[in-house]
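Student: Could you walk me through the surroundings of the ligand here? I'm new to this one, so please take it slowly.

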Amino acid sequence: MDLSARIADQFEQSIATKRAAAELMVAPLAQAVDLMTGCLMNGGKILACGNGGSAADAQHFAAELVNRFEMERPPLAAIALTTDTSTLTSIANDYHYDQVFSKQVAALGHPGDVLLAISTSGNSPNVIEAMRVAREREMHVVALTGKGGGRMAELLGPDDVHLCVPSARTARIQEVHLLALHCLCDGIDSLLLGVE
Ligand SMILES: O=C(CO)[C@@H](O)[C@H](O)[C@H](O)[C@H](O)COP(=O)(O)O
Ligand SMILES: [Zn+2]
């Protein structure tokens, strides 16, 4: 395959994955919007975590809530647990990398808050540990995964939401994750502002 064909193929695969995801993810995305909006309206906050590209996604989402997405509205309470290098490095250095998010969840999370746990494999130990502590603290979890959801799928409770991209390829999963995050932002804004 020449380079142009290879690139065109990536576009086709990304489009196909998004079409397949639309079939499966619209209903759980609406549930996640309801859950997050209820949390924010009750004075709660959203904590977001993930590794690599998913760390960037966690930050992207938190910035859109704290600052703005597409509509003018008051700032919303969201924190990415991936940004404070002093906290991250000290936990990883003194304890274990598996605890870099869970210790922050233990410090900042309150009952009724939401953890947005992002992992394409569903198997990143530090994201799993954050979910475990979030559930202990009576928070809700929105899990954004792929590849069947891995071990994260097994940890979800009945009031949690699983947003699982039907793909086995990390890049394709991440491309749908970004769309899913923008759907969450748009849905939250539309409920908060009463815009249809
Ligand atoms: O962005 C990419 C690959 O596209 C990578 O940085 C990727 O996010 C990292 O390998 C992560 O550590 C993968 O973790 P996860 O999605 O399985 O939880
Ligand atoms: Zn990537």
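Tutor: Let's start with a bit of vocabulary: Ala, Val, Leu, Ile, Met, Phe, Trp, Tyr, Cys and Pro count as nonpolar, Asp, Glu, Lys and Arg as charged, and the others, Gly among them, as polar. This is a predicted model, where local features need pLDDT of at least 70, side-chain atom pairs count only at pLDDT 80 or more, and totals for chains, interfaces and linings use all residues. Residues are numbered from 1 along each chain as its sequence is written, while chains are lettered from A and ligands numbered from 1 in the order in which they are written.

Now, the shell around ligand 1 holds two nonpolar residues, 10 polar ones and no charged ones. Among the residues that surround ligand 1 are Asn51, Gly52, Gly53, Ser54, Thr170, Ala171 and Gln174; a residue is near a molecule if its C-beta atom, placed from the backbone, lies within 6 Å of it. Two elements, α2 (53-66) and α7 (170-193), each give two or more residues to this shell, and α7 gives the most, with three. Helices here are DSSP runs (H or I, at least four residues), numbered from the N terminus.

Take a look at Gly53, which sits in helix α2. Gly53 counts as partly exposed because it has 17 C-beta neighbours inside 10 Å; buried would take 20 or more other C-beta atoms within 10 Å of its own, exposed 12 or fewer, and partly exposed is in between, with C-beta atoms placed from the backbone. Gly53 and Ala171 are 118 residues apart in sequence, yet their C-alpha atoms are 9.2 Å apart in space.
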